[in-house]
Amino acid sequence: MESPVAGCARLGDEVPPQLQPSAPRQAADIKRVQDRWMRWTRDPQRHDWTFEWTAKPTICQAKDLVDFYLDRGADLGIPKHLIWEYFTVRHFRQGRSNQLFLVEFFIPTYGLSGYSTFAMIMRLGVPKDPFYLVESEVATMCFARRSGLPVPRVYSFDSSGANPLELEPIFMELVPGVNFKHWICDSGKDLKGQDLIKILDEVQNKHLTLLEKTSFDQIGSLYYDWKGERGFFVGPSTAKVYWTGYRAQYVGQINRGPFDHITASLDSYLCAWEVELSDTRVYPKDRAHVRDLYHARTLITETRRQLLPRLHAWGGRDAAYYIQGLNDTVARTAWHRPHVGHGSLHHENLLIDPDTLKVTAIVDWEKSTVQPGPASPSMTYYLLWDTWGLCVDSRPPDDVAFSELVLVPTPKDDDLPGLIRVGEKDATEYLDAQDGMMGLLLPPQLQPPKDRVTGVSWTVMVLEEAIFSVSKSVEYYDRILSETTVALDSEMVRRRAKYAAQVGRVQNRCKAR
């Protein structure tokens, strides 16, 4: 396992040009560009937000944007030896957050008829978090590519928004391959479970483990000093909690890090919510919202009083203690150091070669963050569930059972988690213990109200960040609870012992095979 990366780690020859000088936006600028392109909608029952494009960039606007940069002599990343004559732009694909355009430059083939082409993708994202998302995503893509993952090369980018569309384009490599989701759907009843396992094995054991080999000394998001000598560094977090709803507009009111330990990171989540409570666009000062406000403040108070002390007791009281771990036997040092996690590894963000079933690209890195713990196993779980939902009638192919796709993390001597496939009984027993232990970590005051769902999604979000960032292993939930400064009653102690023993039995059976 490598030591934490120093800030001087550099890209070498693959530094993509930053098309214009850039800096974090002011609140008024963020509001203007968000009002132009998108709309936030809040579900008051769940304290959650969804967004949608209110206008989408057209092909003509995309072509004009390319012209805008070319007219200014910007280096989009076209190889210097190619003398192109004209270019075209057409719509390539769209996602919930992004519009992709295919830009093709036509090069005369002198002495021959016709043209050759050089193609690239121009991606325009919805302005959820101007500056930070693009800066961090480009840096993370470069880092992942440098680490050996199949990631499209970034040719150039502009995080300034200083263009006619006020959006932030990324120009990147066009990678061959088919969308994993489309491949599953097209396979239909011919889908082979062993093919699924082959692809997921490659994602986890060949690609994502490469990210775990490099660790950092802070929690946040990854950035790169494009003009100086600093190289890669951890900076402000781009986690959803900092920009969802109107939070990107709360400039200077929310501490986005970087953070030295998990409890400081989670406390900033609470601060973000506290700032939002005073925004009358979200919580109008009327009788209808009194209960919502009361419940929200109760969640914040009880999280600070009970959940954070438990995590803090386990995580340590300063950065050095946290990174080192509790001791050599209780905490694996490499296991606990922050490292890069993708953040949105679902079936639409994988490209594969349909003939060889090799992964050709992992795309859409805008939700990536630097978090402690094995983020890649938790991402594999998301990918598994997404994949399973696409199978015929949501049932496994005939040649594989779903339990074969359940991966049980078990620490090995080399400090990294082993991922073991288990049988039906073991899978059920392990997942039941995991759910039970997670429930113990959530204090009674933070349990969702039985009569309504107010605050549920927010509470789950905090727990996911806390727990998935720490580990997907029940053993580590047990360690958090055993080191807690908050007293556990006798029933909780009994249940904790039961779940820990349950997991031990599963892992012992696995090791005996």
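This report walks through a few local features of the structure above.

The model is predicted, so to speak of local features a pLDDT of at least 70 is needed, and side-chain atom pairs count only at pLDDT 80 or more, while totals for chains, interfaces and linings use all residues. Residues are numbered from 1 along each chain as its sequence is written, and side-chain values use heavy atoms, with hydrogens and water left out.

Let's start with helix α4, residues 180-187, where Phe 180, Trp 183, Ile 184 and Ser 187 are buried. Buried means under 20% relative accessible area, exposed is over 50%, and partly exposed is in between (1.4 Å probe, protein chains only). Helices (H or I, at least four residues) and strands (E, at least two) are DSSP runs, numbered from the N terminus. Looking down the axis of α4, the buried residues fall within an arc of 100°, so they line one face of the helix. That arc is taken from the directions from the helix axis to the C-beta atoms. An α-helix has 3.6 residues a turn, so residues three or four places apart point the same way.

Next, the cavities. There are 3 of 30 Å³ or more, and the largest holds about 130 Å³ of space. Of the 15 residues lining the largest cavity, Gly 125, Val 126, Pro 127, Val 134 and Glu 168 are the closest to its centre. A cavity here is a set of points on a 1 Å grid over the protein atoms alone where a 1.4 Å probe fits but cannot get out, and lining residues have an atom within 4 Å of a point. Grid points are joined across faces, edges and corners, and a volume is the space filled by probe spheres set on the points.

Now for some backbone oddities. Most residues other than glycine have a negative phi, and most peptide bonds are trans. Phe 131 and Leu 357 each have a positive phi, although neither is a glycine. Here they are, with their loops and accessibility:

| Residue | Phi | Loop between | Relative accessibility |
|---|---|---|---|
| Phe 131 | about 75° | β5 and α3 | 10%, buried |
| Leu 357 | about 65° | β12 (350-352) and β13 (359-362) | 9%, buried |

There's a cis peptide bond too, joining Gly 257 and Pro 258, with omega about 10°. Pro 258 sits in the loop between β10 (232-235) and α6 (262-277).

Methods. On a 1 Å grid over the protein atoms alone, a cavity is a set of points where a 1.4 Å probe fits but cannot get out, and a pocket is an open set with protein on both sides within 12 Å along at least five of seven lines; lining residues have an atom within 4 Å of a point.
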